[in-house]
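Colleague: Could you walk me through this one? I would like to start with the strands and then go on to the contacts between the chains.

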Number of protein chains: 2
Amino acid sequence: MMSNEVRKDYLLNRWVVIAKERKKRPTDFVKKLIEKKEGVCPLCPGNEHMTPPAVLLYLSPNGEIRKERDQNGYRHKDWIVRIVPNLYPAFTPPDKERGTIKESPVLKNAAGLHEVLIESPCHDEHPGAARVSQLVHVINAYLDRLADLSGKPYVKYVSIFRNHGREAGASLSHAHTQLIATPFIPSLLEEELEASKSYWKKNHECLLCDVMERENEGPRFIWENDSFVVFAPWASVHPMEFWVLPKRHQSSMLRLSQKEIKDLAETMRVCLGGLRSLLNDPPYNFGFHTISAEDAQDCYHWHLEVYPRLAIWAGFEKSTGMFINVISPEDAAAELKHVVYLSSSNKI
Amino acid sequence: MMSNEVRKDYLLNRWVVIAKERKKRPTDFVKKLIEKKEGVCPLCPGNEHMTPPAVLLYLSPNGEIRKERDQNGYRHKDWIVRIVPNLYPAFTPPDKERGTIKESPVLKNAAGLHEVLIESPCHDEHPGAARVSQLVHVINAYLDRLADLSGKPYVKYVSIFRNHGREAGASLSHAHTQLIATPFIPSLLEEELEASKSYWKKNHECLLCDVMERENEGPRFIWENDSFVVFAPWASVHPMEFWVLPKRHQSSMLRLSQKEIKDLAETMRVCLGGLRSLLNDPPYNFGFHTISAEDAQDCYHWHLEVYPRLAIWAGFEKSTGMFINVISPEDAAAELKHVVYLSSSNKI
């Protein structure tokens, strides 16, 4: 028997017990197929009237992408990607008529934006099963909205995240991503940025560039192409968690080249496709960690974190901020490496 | 329409959106009754052979409590409270024979203990429906184990927490609490302690003593007795979250008087009983935040945090450390105040 280990995150003061004695096989988590009837999908083509007018649409009348927005009550049909305001926004733009609350050290206005990005007209075209060409449109739309939202005077951070499956918090099953623009940098990102800055001061190198070099060959490595490396992080807090890092140092996704966008689409397709085939389309969340601020440019490294939802964070995790992971990242990587390799020869 | 607010926790650098525009009624979360068949319960009387020998038992052969432990292969029957090692421990005592791993700034041995406290011989005697007299035994057993575990040379913190219901991470439905002893103070408690220390330095007062005074009369107040105050915290991260604070300043539960123990049992009974009746026995987690260290004595205030599991932390929460709560603590308190009052006239 091996002793359990407690590991610290690369950036955060966040610790996780790698519970080897409680060892589970990934396939212990394969979910049973539950057929759930759903009503009319408000995100499917033909139901555009069920959502607010689109703030951005990709249309392709003649093979070329044309960017539009819904105007004067008219809602475009035949879109490829469609972005609409969230009907129940957590953050809303400042509004002179509605006024604002008086801010204090413990209270701020929820000034920002909350949007839903519909990834495809096809209800089930989730990234793990999508055409790579469609994912290129999705990533381009992320970047368009990221640039636009980041430019608002009241926005300091934009979170791009995805909830897949009911157990991961998705209330709609149509393929979609959410964007939330907030009036300050959230604490987790702030802590990541501080750690990156102090590493830079000490070593004149980017922390995650160093991490990537170490993880690129080793027991947690999963996959790579020309532009991206995928690995299970040293202190994974979720079973089967993996991160996607651009090989070229970039603090923000906004610096992606056309070639890198295509390579990111391929990476998402094969890695999420591998996860999907290994665990029968499990619920997961993902979130991009990307910072546009000037002072992040040298030291911060944008990346994508994918969190399969195979375990429940319970009383211990919630009351201590410490985590227990029943699959070591080394075991996770070994399993994922295999299915991702198969998935990569299988993409469209 | 009111603007959404973003609020900071009393102690932590943790922010939550109080999403008033997404306003939900607590009863939107009433769970449907799902009957689940379970096999033999390993925690029920008669099945003591299915768990490891008890490290502590409360027996009551003649009305007086006698404390014992299982020894020489014999397992006591007729117990009132029973504590056993967890079969799949996250933390285990250091073991010379098995050796230890070499520690580093990002790696520690998971040296500690992990125990299960069986709260009653009656399968369903959960705190929200328990006899207050039984809860007094449960709290006394918490204190016995807390004192014992805190005394081990390799233990720096003891987490006492409860998972209630499958969706809250409970794999067994028999009434039980878990104790995990860790070799360092977990980050969340460390941050609470630091915030308490710096408030003390500035104001020569305990932060949570001040908070309690403010919350004791106001829109978030829920209940009180001679020794405890219950309120929904200003920056609740869970819908219907509430905290229980001792009125007398104490950094550690180990300082509870006999009268206070009885009052804590009553408080847990009526508050968890109120939650139970309001939402049809919803899943929840609770965790005690209690620090025994010398330097916490003046500045830290122990308390119990109860987290109903009515929402799912998804991509946004997991990738930013910021939360969205769809029931304001003021609405939560108003609903809980009513049912807790009813529950308090109904206890055994």
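Modeller: Before the pairings, a word on terms: two strands pair if DSSP finds at least two bridges between them, and strands (E, at least two residues) and helices (H or I, at least four) are DSSP runs, numbered from the N terminus. This is a predicted model, in which local features need pLDDT of at least 70 and side-chain atom pairs count only at pLDDT 80 or more, while totals for chains, interfaces and linings use all residues. Residues are numbered from 1 along each chain as its sequence is written, and chains are lettered from A and ligands numbered from 1 in the order in which they are written.

Colleague: Fine. What is the mean pLDDT of chain A?

Modeller: The mean for chain A is 91, and 92% of its residues reach 70 or more, pLDDT being the predictor's confidence in each residue, from 0 to 100. For the complex, the predictor gives an ipTM of 0.91 and a pTM of 0.92.

Colleague: Now S2(B): which strand pairs with it in the parallel sense?

Modeller: That is strand S15 (residues 323-325) of chain B, which pairs with S2(B) over three bridges, and there Ile324(B) is the bridge partner of Val17(B). S2(B), residues 15-18, also pairs with S1(B) in the antiparallel sense, over four bridges, and S1(B) and S2(B) form a hairpin with six residues between them. Within that pairing Val6(B) stands opposite Val17(B), and Lys8(B) stands opposite Trp15(B).

Colleague: Are the residues on the two sides of S2(B) buried or exposed?

Modeller: Trp15(B) and Val17(B) on one side and Val16(B) and Ile18(B) on the other are all buried, where buried means that 20 or more other C-beta atoms, placed from the backbone, lie within 10 Å of the residue's own.

Colleague: Switching to the other chain, which strand of chain A pairs with S1(B)?

Modeller: Strand S6 (residues 107-109) of chain A pairs with S1(B), residues 5-8, in the antiparallel sense over three bridges, with Leu107(A) opposite Arg7(B). Strand S1 (residues 5-8) of chain A likewise pairs with S6(B) in the antiparallel sense over three bridges, and Glu5(A) stands opposite Asn109(B).

Colleague: And how many residues of chain B are in contact with chain A?

Modeller: There are 55 residues of chain B in contact with 55 residues of chain A, contact meaning that their C-beta atoms, placed from the backbone, lie within 7 Å. H5(B) gives the most to the side of chain B that touches chain A, with five residues.

Methods
Two residues are in contact if their C-beta atoms, placed from the backbone, lie within 7 Å. A residue is buried if 20 or more other C-beta atoms lie within 10 Å of its own, exposed if 12 or fewer, and partly exposed in between; C-beta atoms are placed from the backbone.
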